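User: Hi! I'd like to go through the metal and ligand sites of this model with you. Could we take them one by one?

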Amino acid sequence: MEIDPNERLDLAVCGGTVVTATDTMRCDIGIHEGRIVQLANGLAKRAEQVINVEGKLVLPGGVDAHCHLDQQSPSGLRHADDFFSGTRSAAGGGTTTIIPFANQKKGATLRSIVEDYRLRALNRAVVDYAFHIIVSDPNDQVIGQELPSLIGEGYTSFKVFMTYDALRITDLQMLTLLSLASREGALLMVHAENHDCIEWLTDALKSAGKTEPKFHGVAHSAVGETEATFRAISLAEVSGASLMVVHVSSARALEEIERAQARGLRVFAETCPQYLVLTQDNLCNCGFEGAKFVCSPPPRSVSDQRALWRGLASGSLHIFSSDHAPYRYEGATGKKSGGEHVPFDRIVNGVPGLETRLPILFSEGVQKGRIDIQQFVALTATNPARLYGLYPRKGTIAIGSDADLAVWDPGLEVEIKHEILHDAMDYTPYEGMKVRGWPMITISRGEVVCRNGEVTSSAGRGHFLLDDRIVTRGAGKFRNRLSPSGGQYYST
Ligand code: DUC
Ligand code: ZN
Ligand code: ZN
C-alpha cells in the first residue's frame, strides 16, 4: 500500500499501547478510508478526528470463528439472535469479525442455503462477517459440483457432525469430504462425538429415571468425544487432509489431538469459554436451571479445564471461539419450550457467549498469567483470521489491514450481568462472574461501533467479506503459515 506521509488521516487512535500476536509497541494508529495507513508517533495533528487512548491497550478487533446466528436447531427451534442482535453483541465485546454457519438441511442445495444466510445477514450486520458451511447431505451434486464451485468463490471451510440424526454423516462421507477439502484447498471442521455412545447412554439413563439436565453431561461423555476425535483424526490421516477439531472440551480429546500433532499431522483445534470456566457442576443441583448450561460437548471437570489452559498456552489449541448458540431460557423457542420436566435429551443445545468471549479469556487467561497478551491476540484474532483466509486484512494491526480495533481498559473491573450485554437472550451462563479488563471502544473499518457499552452503529454496515474479495482463496495456503504443533506461525 502506497502511503503519502502528508496525507490527511480520517482518524488517529493516539497514545495507546498497541498489541499484536508478535509485538507490543507504543504508537499512534493512522486510519484512512477504513484501513490502517500509519503506525507512528505524533499522528494527532494530521487527523480529522482523534481518539485519545492513553493508558489503554489497543488490540486487533476479535475474530469469532465459531458462532451461530439465526439458525434452526435440529429440533426446529430458531436462535434468539439474528444478524443484528448477534453482531451488536459482538461489537459490545470487542469482536469485529464473525464467521457463523450456513446450515444445510438434508435435501437442500448448498447454493440455496448460502443465499438464504446471505439474505438473513444483509442489512442486519453491524460488523463484518463470512460463513462456514455445515454439510449434512454430501450427495453427488454437493461433492461433484457445489462444493468445488463454492470453495473457488471463497467459502473455504465447512463443518460436519458425527452426531445428531439430522446432521451426522458417515465415516465414508467424511473421507470423501476430507479428500475434497485437501484437493480444493479448504478446511474441514468436525463436531467430534460418538453418536452411538450418546444414544446408548441416553437410553440407559432415561430407563433409570435419570432425566434431569445434569444427565446431559453424562450422556455426552468425554470417552465418546475422545473416540470420535481419534476417529476423525484417523480419517484425516488416511485421506491426507488437514482437520479442525472444534469445541474441544476434554483433556482426553486434547491428548489425541496433541498425539496427532506430534506425529506431524495437520490437526488444528479450538476451545471455547464454557470449557474453561464452567463445569459439570453448573448443570447440577439447580433443578431445571441446569438447562442454561446444556451444550454439546458439555462443560466437564476442573482437571479438564486445566488441560485446556495448558493447550492454549502450549499452542496445541489454536483458536478460541465462543460457539455462541443462543436459545433463551423462557419462551416458545427456548430451553423451557417443552416444559420443565422434559428429559435432558429434549433440551435444545447451546449457550451464548459472543460478547463475553474476550473479557473471560483476558481476565482468566492474561490477568491470571495463564497465557500472555500475544497469545491472547493470536488465539482470538490472528490465528482464526489466518486459518480461515481473512489475514492480513483481519486479525492484526498492520499497514494495509482493516482498521478493526478494540481499545481495552485492562484494569476495569466488571461484573458480568445479562443486563449489560447486547444480545437478544434472557440470560448469560456467566451471570455474576467478575472480570478484570473490558473493551471500552470497538472500531470497525475506522468507525466507532461501540463506546463505553453503547453500540453506536446501525444494522447493515457490516460487510460480507467475500464481497470485499479479501478471502484468500484456497485455504491450503495457510498450511505453511500456521504450525499445528507449535501454535506459532511462520512468516513465509
Ligand atoms: N455444536 C455446535 O458447534 N454448536 C452448538 C451445538 C453443537 O452441537
Ligand atoms: Zn458442534
Ligand atoms: Zn457451534
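Analyst: Happy to! Bear in mind that the model is predicted. Let's begin with the metals: along the sequence, the donor residues of the zinc ion (ligand 2) show the spacing K-x31-H-x55-H.

User: Which atoms coordinate the zinc ion (ligand 2)?

Analyst: The spacing K-x31-H-x55-H calls for one lysine and two histidines as donors. The distances to the zinc ion (ligand 2) run from 2.1 to 2.2 Å. The donors are Lys159 (NZ), His191 (ND1) and His247 (NE2).

User: How many residues apart in sequence are the parts that lysine 159 and histidine 247 tie together?

Analyst: Lysine 159 and histidine 247 both coordinate the zinc ion (ligand 2). Lysine 159 belongs to strand β13 (residues 157-161), while histidine 247 is in the loop between β15 (243-245) and α8 (251-262), so the pair links parts of the chain whose separation in sequence is 88 residues.

User: And which residues coordinate the zinc ion (ligand 3)?

Analyst: Along the chain, its donors follow H-x1-H-x254-D. For the zinc ion (ligand 3), the donor distances are 1.9 to 2.0 Å. The donors are His66 (NE2), His68 (NE2) and Asp323 (OD).

User: How far apart are the zinc ion (ligand 2) and the zinc ion (ligand 3)?

Analyst: The zinc ion (ligand 2) has Lys159, His191 and His247 as donors, and the zinc ion (ligand 3) has His66, His68 and Asp323. Between the two ions, the separation is 4.3 Å.

User: Now for ligand 1: how do the residues of the shell around it divide into nonpolar, polar and charged?

Analyst: The surrounding residues are His66, His68, Lys159, Phe161, Tyr164, His191, His247, Ser296, Asp323 and Ala325. Ligand 1 takes up the space of the largest pocket. By class, its shell holds 3 nonpolar, 5 polar and 2 charged residues.

User: Which side chain has an N or O atom 2.9 Å from a nitrogen atom of ligand 1?

Analyst: Let's go through the polar partners. Tyrosine 164 has a side-chain N or O atom 2.5 Å from an oxygen atom of ligand 1, and a polar side-chain atom of histidine 247 is 3.2 Å from an oxygen atom of the ligand. The partner of the nitrogen atom, at 2.9 Å, is aspartate 323.

User: What share of the accessible area of ligand 1 does the protein cover?

Analyst: On its own, ligand 1 has 240 Å² of accessible area. The share of this covered by the protein is 92%.

User: What is the phi of tyrosine 164?

Analyst: Tyrosine 164 sits in the loop between β13 and α4 (171-184). Its phi is positive although the residue is not a glycine, at about 80°.

User: Last one: which residue does a cis peptide bond join to serine 296?

Analyst: Serine 296 is one of the residues around ligand 1. Omega of the cis bond is about -10°, and the partner lies in the loop between α9 (273-277) and α10 (302-314). That partner is proline 297.

Terms used:
Residues are numbered from 1 along each chain as its sequence is written. Chains are lettered from A and ligands numbered from 1 in the order in which they are written. This is a predicted model: local features need pLDDT of at least 70, side-chain atom pairs count only at pLDDT 80 or more; totals for chains, interfaces and linings use all residues. Side-chain values use heavy atoms; hydrogens and water are left out. A residue is near a molecule or strand if one of its heavy atoms lies within 4 Å of it. A polar contact is a pair of N or O atoms within 3.5 Å; within protein, one must be able to donate a hydrogen and the other to accept it, and residues adjacent in sequence count only if both atoms are side-chain atoms. Accessible areas come from the Shrake-Rupley method with a 1.4 Å probe; for residues, only the protein chains shown count as cover. On a 1 Å grid over the protein atoms alone, a cavity is a set of points where a 1.4 Å probe fits but cannot get out, and a pocket is an open set with protein on both sides within 12 Å along at least five of seven lines; lining residues have an atom within 4 Å of a point. A molecule sits in a cavity or pocket if more than half of its atoms lie within 2 Å of its grid points. Ala, Val, Leu, Ile, Met, Phe, Trp, Tyr, Cys and Pro count as nonpolar, Asp, Glu, Lys and Arg as charged, and the others, Gly among them, as polar. Donors are N, O and S atoms within 2.8 Å of the metal (3.2 Å for Na, K and Ca); water is not among the atoms, so sites may look incomplete. Helices (H or I, at least four residues) and strands (E, at least two) are DSSP runs, numbered from the N terminus.
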